[in-house]
Amino acid sequence: PETDVELLVVLRDVECPWSELARMDEVLWRHTERTGVTVTALPVSRAEFGQPTTPAVLRARSEAVRVG
């Protein structure tokens, strides 16, 4: 409800989600500033996406639209 677009970013490995988010932050912020569309991201590993254990990943697998 707080964001316009929520991205689930599937990466080969994710050691620290916060570090991955820090790397994405500038791109997400620039997009939000330029378009007014708020974009958030949740980085997950391929393993987590393949066998989800969190509600966010379970929801993404059932509701998501693949974009890449």
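Visitor: Which residues of α1 are buried?
Guide: This is a predicted model, and buried here means under 20% relative accessible area. E20, for one, has a relative accessible area of 15% and is buried. The full set of buried residues in α1 is E20, M24, L28 and T32.

Visitor: What do the buried residues of α1 pack against?
Guide: Residues three or four places apart on an α-helix point the same way, because there are 3.6 residues a turn. The buried residues of α1 include M24 and L28. What the buried residues of α1 pack against is β1 and β2 (39-45).

Visitor: How many Å apart are the end C-alpha atoms of α1?
Guide: Helix α1 has 19 residues, and at 1.5 Å a residue these should span 27 Å. The distance between the end C-alpha atoms agrees with that figure, being 25 Å.

Visitor: Where is the kink in α1 centred?
Guide: The kink in α1 is of about 45°. The residue at its centre is one of the buried residues of α1. That residue is M24.

Visitor: Which residue with a positive phi follows α1?
Guide: Helix α1 covers residues 17-35. The residue that follows has a phi near 80°. The residue is G36.

Visitor: How many salt bridges does the structure hold?
Guide: Side chains of opposite charge can pair when their charged atoms come close. Among the pairs are R23 with E20, and E26 with R30. The structure's count of salt bridges is 4.

Visitor: Is R23, the partner of E20 in a salt bridge, buried or exposed?
Guide: The closest N and O atoms of R23 and E20 are 2.9 Å apart. Both residues lie in helix α1, 3 residues apart, which is about one turn of the helix. E20 is buried, at 15%. R23 has a relative accessibility of 59%, over the 50% cut-off, so R23 is exposed.

Visitor: What is the N to O distance in the salt bridge of E26 and R30?
Guide: E26 and R30 both lie in helix α1, 4 residues apart. E26 counts as exposed at 53% relative accessibility, while R30 counts as partly exposed at 44%. Their side chains meet with an N to O distance of 3.9 Å.

Visitor: How many residues apart in sequence are the parts that R59 and E6 tie together?
Guide: The side chains of R59 and E6 meet in a salt bridge of 2.7 Å, N to O. R59 lies in helix α3 (residues 55-63) and E6 in strand β1 (residues 5-11), so the pair ties together parts whose separation in sequence is 53 residues.

Visitor: Which residue is linked with E6 and R59 in a network of salt bridges?
Guide: R59 is partly exposed, with a relative accessible area of 43%. E6 is also partly exposed, at 48% relative accessibility. The residue linked with both in the network is E63.

Visitor: Is V44 buried or exposed?
Guide: V44 has its place in strand β2. Leaving out residues up to four places away in sequence, V44 touches L8, V9, V10, L11, V14, F49 and V57. Its relative accessible area is 7%, which is under the 20% cut-off, so V44 is buried.

Visitor: Which residue has its charged end over the ring of F49?
Guide: The structure holds 0 aromatic pairs. The ring of F49 does have a charged end over it, 5.1 Å from its centre. That charged end belongs to R61.

Key:
Residues numbered from 1 in each chain as written. Predicted model: local features only at pLDDT ≥ 70, side-chain atom pairs only at ≥ 80, totals over all residues. Heavy atoms only, no water. Helix = DSSP H or I, 4+ residues; strand = E, 2+ residues; numbered from the N terminus. Buried < 20%, exposed > 50% of the residue type's maximum accessible area, 1.4 Å probe, protein only. Expected span 1.5 Å × (residues − 1). Bend = angle between axes of the 7 residues up to and from the residue. Contact = heavy atoms within 4.5 Å. Phe/Tyr/Trp six-rings, centres within 6.5 Å; stacked < 30°, edge-to-face > 60°. Lys NZ or Arg CZ within 6 Å of the ring centre and 35° of its normal.
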